Amino acid sequence: MAVKMAESTSIKSYKLRKFSHREQGYTDIDWHSFISTQPKSDFTLVSAYYGKRKISIFETKKFSGHVACGQAAAYFQKLLLDKESSSWQPVGTISIETIPTIEIVKAPYKSTLVAPVIDIIPEHRELIEALLGDQGENVSEKVIELIGDSVLKDSWPLVRVEVRPVKDSEVKDWQYILLVLIFDSDFDTANKYLHNFYKKLDILTEQLDIEEQDILQRLFFFDVQTTVPIT
Amino acid sequence: MSKPLYPSLNPATYLDLAKELSSKSEMAAIRTAADRAYYAAFLTSRDLLSDKGYLIPEYGLSDHQDVIETLKKKEVLGSFGNEEFRLRDARNKITYDTRDLKWGDKGVCSIDWMLDTAKKIIDRVNALPPKS
């Protein structure tokens, strides 16, 4: 399913849905099936991102600019029903009224997420996970949510995000995660987006505990790349 | 006491040198300007952060990491400290990669952006109060 940016430009508000699944034993979630089993045609999956234990989904109702609570759960419900005869089995309840938690057994994830608007491409996923640890994964998910927030609210022309583990070439034992935001814009515009993002990151920092602040400060770095050359 | 072979210097003066070099047409001058712009920001930040009690420098390679991480602390520059990281990334690219560098290549920024960013970092670190 291709989702055009135009479908999300009228968004006035959105709600982030979070899903949890059990970590142990998971190896693959078929995101293509996930997207193609969209149950209602007037809803658009704007983007999705999975962390080690959590899947974040951005979705919106087409044309209205509003997000329907529970639609994301429906995606999963449909997928689970479709896959019931194979290895997919729901082991919990799908709650729409409360924070939706879906537990799936025997459903591991794969490392590259197919996301229509926010295409997040982790390189060397296993190295990223080793570097971040559980707490770092939590911080990573919050940062990704913030990027999603910027795409939706600030109409970022974001092409994709590349997430790279980096071992510094000069400073011994210095390793970190580099998030490269690739914009369909010129450099100056992308630079402005990044500077606005710094303000959001500072607000996020205030909401983190001391350890998470330390992780964000030490492990996460940001840069931009652009698709439009300077003439 | 013998006269030092290399007397001490104010690293902020590297920025003036970088500006001067950037106005030349030779690529060696422009790429050296990129290098000096980063070192102006890095060394000035390090020395000021040390003077103000935010950092204990080692006067070695590890200072690159210490300065960047210190600048990113919320009581220092916060997320804007990431600009020091970007400046260093650009310096590494422009210094070490002698091939053609194009817009869109990772880490490639204009010399004007580097000079401007270095100045902004220095100005902000200058304005920091001593650590309480």
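The paragraphs below lead through a predicted model of two chains, A and B, from their overall make-up to the core, one helix, the contact between the chains and two loop residues.

Chain A combines 5 helices with 9 strands, and its elements, read along the sequence, follow the order β-α-β-β-α-β-β-β-α-β-β-α-α-β. Of its 231 residues, 31% count as buried. Among the contacts in chain A that join residues at least 6 apart in sequence, 71% link residues at least 24 apart.

Chain B, by contrast, has 5 helices and 0 strands, which run α-α-α-α-α from the N terminus on. Its radius of gyration is 15 Å, close to the 14 Å that the globule rule gives for 132 residues, so chain B is as compact as a globular protein of that length. The C-alpha trace of chain B spans about 45 × 45 × 25 Å along its principal axes, and 39% of the 132 residues count as buried. For contacts in chain B with a separation of 6 or more, residues 24 or more positions apart account for 58%.

In soluble globular proteins, nonpolar side chains tend to be buried together. The largest nonpolar core in this model holds 60 residues, and those touching the most other members are A:L181, B:A18, B:A37, B:A40, B:A41, B:M114 and B:A118. Helix α2 of chain B, residues 27-51, gives the most to this core, with 10 residues. On the side of chain A, A:L181 is in contact with A:L158, A:V161, A:L194, A:F222 and A:V224, once its neighbours within four places in sequence are left aside.

One of these partners, A:L194, leads to helix α4 of chain A, where A:F187, A:A190, A:L194, A:F197 and A:L201 are buried. Why do these buried residues lie on the same side of α4(A)? They cover an arc of only 75° around the axis, and this places them on the same side of the helix. The buried residues of α4(A) pack against α3 (125-153), β8 (175-183) and β9 (220-226) of chain A, whereas the face turned away from the buried side carries the exposed residues A:D188, A:K192, A:K199, A:I203 and A:E206. The helix itself, residues 187-207, has 21 residues and reaches 30 Å from its first C-alpha to its last, close to the 30 Å expected at 1.5 Å a residue.

Where the two chains touch, the contact takes 19 residues from chain A and 18 residues from chain B. On the side of chain B that touches chain A, the elements giving two or more residues are α3 (62-71) and α4 (82-96) of chain B. The residues on that side of chain B divide into 4 nonpolar, 7 polar and 7 charged.

Two loop residues of chain A deserve a look at their backbone angles. Most residues other than glycine have a negative phi. A:S155, in the loop between α3 and β7 (158-167) of chain A, nevertheless has a phi near 50°, a positive value in a residue other than glycine. A:S155 counts as partly exposed because it has 13 C-beta neighbours inside 10 Å. A:D173, which is found in the loop between β7 and β8 of chain A, likewise has a positive phi, of about 65°, although it is not a glycine. With 8 C-beta neighbours inside 10 Å, A:D173 counts as exposed.

How values were computed: Residues numbered from 1 in each chain as written. Chains lettered and ligands numbered in written order. Predicted model: local features only at pLDDT ≥ 70, side-chain atom pairs only at ≥ 80, totals over all residues. Core = buried A, V, L, I, M, F, W, Y, C linked by C-beta atoms within 7 Å. Buried ≥ 20, exposed ≤ 12 C-beta atoms within 10 Å, placed from the backbone. Helix = DSSP H or I, 4+ residues; strand = E, 2+ residues; numbered from the N terminus. Contact = placed C-beta atoms within 7 Å. Expected span 1.5 Å × (residues − 1). Arc of directions from axis to C-beta. Nonpolar A, V, L, I, M, F, W, Y, C, P; charged D, E, K, R; others polar. Rg over C-alpha atoms; globule rule 2.2 N^0.38 Å.
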